[in-house]
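Work through the exercises below with the model open. Each has a task and a stepwise solution.

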Amino acid sequence: MGNLLEYSGIITKLRAMEARLLTDEQFEEISALTSITELVSYLNANSSYQDVLQDMDETMLHRGNIEKVLILSLYHDYTKIYRFCGPNQRKFLKLYLKRYEVDLINYCLRIVINHYQEPFDLNHKKPFFDKYSQISIEKLITSRTTDQLVENLKGTEYYEPLKKLKDSQSVTLFDYDLALNLYYFTAMWKERKKFLKKKELELFTRDCGSKIDLLNMQWIYRAKKHFNLKEADIYSLLIPIHYRISVEQIKAMAEASNMDEFFAVLQKTPYARHYNFEQDLTIEQMYEDCLYHLYTADRRQNPYSIASINMYLFLKEEELRKLTTAMECIRYGLNSGETLGYVGGKI
């Protein structure tokens, strides 16, 4: 009864928000559009993005500005959910926020390492991060080198793992990205017991553990398929946490002599049951498919829990990914079928 009372208002809000997400049929209609102006007009007339798009000047209708607006829509949804949450749910949302912080730091690292002429464009994110995050965008935008950027993270949890790299020689963007990802997942795994209790802890452990397993498989696949990395280099990429995939299975995939052998091991994992190997799907689509099934099952079995919040944010982020992909396809003049192929249908 406690969870029912604690979550009843949040669940009502989430259902209303989910009802406004774009459907597969709408993505089919979007795939037939031929210009960014048409896409913005469609979203203004048929989606919740009207709230953030309606005041955009027509001269500002290009990919960069539209992507800013789309990410603001995600932040607005996070804010709406946060307002409806009590102290326990807010602890989960603060854990969830770490992924947005890591994305922000990665963006800033790309700017300073690649020496872009106009270094930062973060004013649209500042109000959100000022309110919810430990990171100061005001400090980050003064950075012109990686050393300065890392020092501007002093006082946050990300300073120490990045400082170790700053003091090393010949560090690349890839090294920083890897360090951030490894820190993020290991920190989430360790901190979950401090922030969550009982059923919430069980749900978060399953969701986070499964995501780590799936990412490790995805990174092994990419390392072998696209980069032909040595086994030692593959192991250095992996998150040192094993949830439902054993150390032996990870070792067998990393040391597989070819992709057929890799997939033979993958098919023996618990995640293979959610994946139709007869379909011509990518490893990335397998990742999304497995997470969708996991989050759906969690919400169905435990609707009055963090599972409902987790599911909504996953669906929203997937919608933004699909919209960004569709926008890029429209920009390059792809036809409807090609666009749908890149966007993907139902998860």
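**Exercise 1. Determine how α2 packs on α3 and on α18.**

Step 1. The axes of α2 and helix α3 (residues 36-46) come within 10 Å and cross at roughly 155°. Axes are lines fitted to C-alpha atoms, for helices over the stretch in contact, and angles run from 0 to 180 degrees between N-to-C directions. Helices (H or I, at least four residues) are DSSP runs, numbered from the N terminus. This is a predicted model: local features need pLDDT of at least 70, side-chain atom pairs count only at pLDDT 80 or more, and totals for chains, interfaces and linings use all residues. Residues are numbered from 1 along each chain as its sequence is written, and side-chain values use heavy atoms, without hydrogens and water.

Step 2. Classify the angle. α2 and α3 are therefore roughly antiparallel (over 145 degrees).

Step 3. Assign the hand. α2 crosses α3 in a right-handed way. Right-handed means that the near helix is turned clockwise from the far one by less than a right angle, left-handed anticlockwise.

Step 4. Turn to the other partner. Helix α2 (residues 24-31) and helix α18 (residues 336-343) have axes that come within 8 Å and cross at roughly 135°. That makes α2 oblique to α18; oblique covers angles that are not under 35, over 145 or 65 to 115 degrees. The crossing of α2 past α18 is right-handed.

**Exercise 2. Classify the α14 and α15 pair.**

Step 1. The axes of α14 (residues 247-254) and α15 (residues 259-266) come within 8 Å, crossing at roughly 165°.

Step 2. The two helices are therefore roughly antiparallel. Their crossing is left-handed.

**Exercise 3. Locate the largest cavity and describe its lining.**

Step 1. The search finds 1 cavity of 30 Å³ or more. A cavity is a set of points on a 1 Å grid over the protein atoms alone where a 1.4 Å probe fits but cannot get out; lining residues have an atom within 4 Å of a point.

Step 2. The largest cavity has a volume of about 140 Å³, the space filled by probe spheres set on the points. Of its 14 lining residues, those closest to the centre are Arg99, Met188, Phe204, Cys208 and Asn310.

Step 3. α12 gives the most to this lining, with 5 residues.

Step 4. Domain 2 (90-194) and domain 3 (195-301) both contribute lining residues, so the largest cavity lies between them. These bounds come from an automatic or database domain assignment.

Technical notes:
1 Å grid on protein atoms, 1.4 Å probe; cavity = no way out; pocket = protein on both sides within 12 Å on 5 of 7 lines; lining within 4 Å.
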